[in-house]
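User: I would like to go through the reasoning behind the labels attached to this model. Please set each value against its criterion.

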Amino acid sequence: MSVYGPRNPHIESEALTSNTRPAPFDVYGAQKVAAEGVVRQSNLDWVILRLGGVMGPLLRHAKPDLAAMEGMLPSDGRIHMVDVRDAARAFVNAVTKPIAHVRGKTLVIVGDSSYQLLQEQIAPSIMAALGLVGVMPQGRKGDPNSTTAWFTTDWADPDEAQRILQFQHTTWPDLLAERADRARWLQPLGRIASPVARQVLRSRAPYHGQPGAFADPWHMISQRWGSPLAQTTR
């Protein structure tokens with residue numbers, strides 16, 4: 001979904017569809033648009049799948065860079081997730097259904113409406129499954145007047161691709177319940193560690209001690225890893 005560029009929910013209120021105009025802002029999104037162009041110009045029968053935020057039930061160790069990046073994003077930014085198994089099923093169905101059903105289509109692969117979330121809902125839900133409740137620092141909201149100080153995520157029409165590929169099987173509550181069940185042995189330790197984890201995470205939050213009132217993700221990302229912006233941006 002990075003092909004659509006930053007999405008300010010105060011300005012762009014409509015859900016994304018396959019017909020939404022691409023407007024890539026960073027190198028990653030620009031490369032995706034270029035790759036789609038190569039596919040469309042080929043002589044093959046093709047279908048293009050644009051993925052939402054993919055998450056699975058397995059417990060993984062959080063990588064510091066990923067945690068830092070998530071903390072840089074506007075807390076009220078909209079993000080549409082999908083279970084990794086459902087995303088895989090979409091790919092399988094896309095290449096096994098009759099060609100007439102999928103040929104030449106561009107589809108946004110997201111979960112059902114239960115996966116239409118705000119950025120600030122995701123990390124606390126994941127941590128709670130580990131018994132770490134109330135440990136995530138409060139992030140910064142996005143600037144309602146900016147068209148670029150947002151990330152490349154948004155809600156999408158969850159029904160368009162589902163009608164064709166029939167891939168959605170796991171709801172967001174189902175996924176969280178499965179993660180919690182897998183982490184039952186960790187939860188007592190998580191509850192004990194919560195006070196310390198809360199202090200550590202707040203002291204290491206990307207905006208801790210930083211000036212300003214709103215999130216500025218592209219500036220923060222550039223400071224830490226170098227500029228991710230495409231040479232030509234809108």
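**Reasoning from values to labels**

Analyst: The chain contains nine helices and five strands. The model is a predicted one. In sequence order the elements run α-β-β-α-β-α-α-β-β-α-α-α-α-α.

User: How do you know whether the radius of gyration of the chain agrees with that of a compact globule?

Analyst: The globule rule is 2.2 Å times the number of residues to the power 0.38. For 234 residues this gives a value near 17 Å, and the chain has 19 Å, so the two agree. The C-alpha trace spans about 55 × 40 × 30 Å along its principal axes.

User: Why is Ala87 called buried?

Analyst: Buried means under 20% relative accessible area. Ala87 has 5%, and is therefore buried. This residue lies in helix α3. Leaving aside residues up to four places away in sequence, Ala87 touches Leu51, Val82 and Ile109. Ala87 and Ile109 are 22 residues apart in sequence, while their C-alpha atoms are 6.7 Å apart in space.

User: Why is Ala177 called partly exposed?

Analyst: The partly exposed class lies between the buried limit, under 20%, and the exposed limit, over 50%. The relative accessible area of Ala177 is 46%, so Ala177 is partly exposed. Ala177 is placed in helix α7, residues 172-182. Its C-alpha atom is separated by 22 Å from that of Ala67, 110 residues apart along the chain.

User: What makes a set of residues a nonpolar core, and which residues form the largest one?

Analyst: Members must be buried residues of the listed nonpolar types, joined through side-chain atoms within 4.5 Å. The largest such core has 12 residues: Leu49, Val82, Ala87, Ala90, Ala94, Val102, Leu107, Ile109, Ala161, Ile164, Leu165 and Phe167. Two or more residues of this core come from each of α3 (84-96), β4 (105-109) and α6 (160-165). Within the core, Ala90 touches Leu49, Ile109, Leu165 and Phe167, residues up to four places away in sequence not being counted.

User: What share of the contacts with a separation of 6 or more joins residues 24 or more positions apart?

Analyst: Such pairs account for 86% of those contacts in the chain. As for burial, 42% of the 234 residues count as buried.

User: How much area does the chain expose, and how far apart are the centres of its positive and negative side chains?

Analyst: About 12800 Å² is exposed, 56% of it supplied by carbon and sulfur atoms. There are 25 positive and 21 negative side chains, and the centres of the two sets lie 5 Å apart.

Key. Residues numbered from 1 in each chain as written. Predicted model: local features only at pLDDT ≥ 70, side-chain atom pairs only at ≥ 80, totals over all residues. Heavy atoms only, no water. Helix = DSSP H or I, 4+ residues; strand = E, 2+ residues; numbered from the N terminus. Buried < 20%, exposed > 50% of the residue type's maximum accessible area, 1.4 Å probe, protein only. Contact = heavy atoms within 4.5 Å. Areas by Shrake-Rupley, 256 points an atom, 1.4 Å probe, with all protein chains shown as cover. Lys, Arg positive; Asp, Glu negative; His and termini not counted. Charge placed at Lys NZ, Arg CZ, Asp CG, Glu CD.
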